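Colleague: Please take one part of this model and describe it closely, with its strand pairing, its burial and the open space beside it.

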Amino acid sequence: MVQEEQDFNKMWSDLGMDVAAHNSLLDAVGQMYETVFLTQKNRPKSTTYLDNFANNLHSGRIREMVDARKDGKTKKIIGSFCLYVPEEIVIAAGGIEVGLCAGANWNTDEAERYIPRNTCPLIKGFMGFKLGRVCPYIESADLVVGENTCDGKKKAYEQFSKMKPMYVMDVPHVRNNNTKEIWRQEIYRFAEKMEDETGQEITLESLSRAIKLVNDKRRALQRLSMTRAADPAPISGLDSLLTIQAAFMDDSARLTQAINALAAECEERAATGVGVKPHGAKRVLYTGTPMAVPNWKLFNIIEKCGGVVVGEECCTGSRYYKDLVPEDGKTVEEMLDAIADRYLNIHCAIFTPNQDRRDDVISMAHRLHVNGVIDCSLQFCTLYDMESFSMKEAVQKAGIPYMHISTDYSTEDEGQLKTRVEAFLEMI
């Protein structure tokens with residue numbers, strides 16, 4: 001982190017960031033990373049890539065994107081907060097799509113001048129990061145693409161758009177033939193917006209390449225996920241979560257190669273009985289709200305208490321990689337329709353009814369041989385809080401122990417959470 005401050009201050013300053021505040025943030029996150037990740041035992045050797053990724057998250061990766069834009073290799077940097085923004089379309093139009101900072105408390109008092117205090121931490125997080133000018137992904141983005149997945153985000157974007165150019169996608173909350181067609185038209189409009197933004201036409205060749213590039217990344221993540229069915233688990237939930245978080249920010253081709261190397265090592269570890277926890281350690285499936293960098297609190301508690309997270313049914317988990325876009329489209333229109341169909345099948349809590357999400361959780365629980373499900377919602381997230389009741393009923397009906405947690409980004413409830421998680425692991 002000291003090296004970052006010495007080498008990248010000018011770049012951060014040129015982006016309009018508050019460099020002093022940002023360096024304080026880097027120090028805090030760096031210390032957290034060492035405490036959470038580098039204290040783990042028996043990690044796969046390939047996780048060195050993840051450590052390098054984390055160390056360069058706000059420095060080398062940002063310079064790489066900014067230089068690519070300056071050299072004309074990339075037309076625009078497009079920031080997003082959600083899975084419903086199709087990265088294939090951004091890439092096909094010559095852009096880079098990156099996830100934006102939203103996983104920690106920052107500048108909360110200032111954020112609460114624009115949004116209510118009882119707003120979910122993720123929304124308050126991205127407002128605070130922007131107001132504090134400490135997220136280089138936000139500051140380097142030429143356009144931020146939002147989506148109306150919840151009322152809180154939808155209204156917060158009205159304020160955010162006063163500080164940053166924005167485009168908001170309209171995501172249906174019901175699945176039927178009418179909304180399927182509406183969503184397809186929304187995908188077409190987004191493709192047109194990207195062409196207008198970058199000045200580059202989306203062609204059959206560019207879209208086909210982009211679909212394969214993203215599919216290859218998802219195939220690598222699927223391969224890694226399959227190894228986690230082994231007992232002992234060859235990789236921790238923390239390192240698996242960081243791999244998905246990297247998928248939103250890192251170069252896709254480079255990361256795909258790294259994930260495949262990690263998967264190959266985990267396949268070998270699974271075959272030889274090498275794991276991050278002893279055989280028989282309590283296996284947990286996480287479901288609920290996404291965990292943006294650096295929200296590692298709950299996974300850290302679970303695994304420090306002796307459990308191991310072996311799967312994630314969430315947007316920073318299986319929802320990102322479980323489905324691919326068909327690669328056999330013969331026209332741009334066919335491929336855009338296929339993209340629309342794939343993204344509408346993401347089983348977010350915005351949908352009603354939402355039996356598919358409950359089915360996914362139970363299916364994953366059986367496939368990964370879990371001992372219990374922990375369902376977590378960020379405070380004031382009505383969607384996931386409401387779904388926790390039907391999720392509890394479905395999971396317990398399937399004979400699987402279940403616990404619901406509501407938390408935020410602070411450390412104030414860590415002691416209470418540790419007590420609850422320890423009791424849950426002992427019970428299962």
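Modeller: The account below follows one strand, the segments before and after it, and then a pocket.

This is a predicted model, in which local features need pLDDT of at least 70 and side-chain atom pairs count only at pLDDT 80 or more, while totals for chains, interfaces and linings use all residues. Residues are numbered from 1 along each chain as its sequence is written, and side-chain values use heavy atoms, with hydrogens and water left out.

The part chosen is strand E7, which runs over residues 372-378; helices (H or I, at least four residues) and strands (E, at least two) are DSSP runs, numbered from the N terminus. Seven of the seven residues of E7 are buried, where buried means under 20% relative accessible area, exposed over 50% and partly exposed in between, with a 1.4 Å probe and protein chains only. In a regular strand the side chains alternate between the two faces of the sheet. Here Gly372, Ile374, Cys376 and Leu378 point one way from E7, and Val373, Asp375 and Ser377 point the other way. The cover thus applies to each of these two sets, as all of their residues are buried.

E7 has strand E5 (residues 283-288) as one partner, in the parallel sense and over five bridges. Strand E8 (residues 402-407) is another partner of E7, again parallel, over six bridges; two strands count as paired if DSSP finds at least two bridges between them. Cys376 appears in each pairing: Cys376 is the bridge partner of Gly288, and in E8 the bridge partner of Cys376 is Ile405. The chain passes from E7 through helix H18 (residues 382-397) to E8, and these elements make a right-handed β-α-β unit; right-handed means that, with the strands pointing away from the viewer, the path from the first strand over the helix to the second runs clockwise.

The loops around E7 also deserve attention. Between helix H16 (332-344) and helix H17 (355-367) lies a loop that contains Pro353, and the peptide bond joining Thr352 to Pro353 is cis, with omega about -5°. His369 sits in the loop between H17 and E7; although not a glycine, His369 has a positive phi of about 55°. On the other side of the strand, Phe380 belongs to the loop between E7 and H18. Phi of Phe380 is also positive, near 70°, and Phe380 is partly exposed, with a relative accessible area of 47%.

H18 leads on to the largest pocket, since H18, helix H7 (121-132) and helix H9 (151-160) each supply at least two residues of its lining. The volume of this pocket is about 770 Å³. A pocket is an open set of points on a 1 Å grid over the protein atoms alone, where a 1.4 Å probe fits, with protein on both sides within 12 Å along at least five of seven lines; lining residues have an atom within 4 Å of a point. Grid points are joined across faces, edges and corners, and the volume is the space filled by probe spheres set on them. Of the 36 lining residues, Phe81, Leu122, Thr149, Lys153 and Pro290 are the closest to the centre. The lining divides into 24 nonpolar, ten polar and two charged residues.

Leu122 is also among the buried residues of H7, a helix with twelve of its twelve residues buried.

Conventions
Ala, Val, Leu, Ile, Met, Phe, Trp, Tyr, Cys and Pro count as nonpolar, Asp, Glu, Lys and Arg as charged, and the others, Gly among them, as polar.
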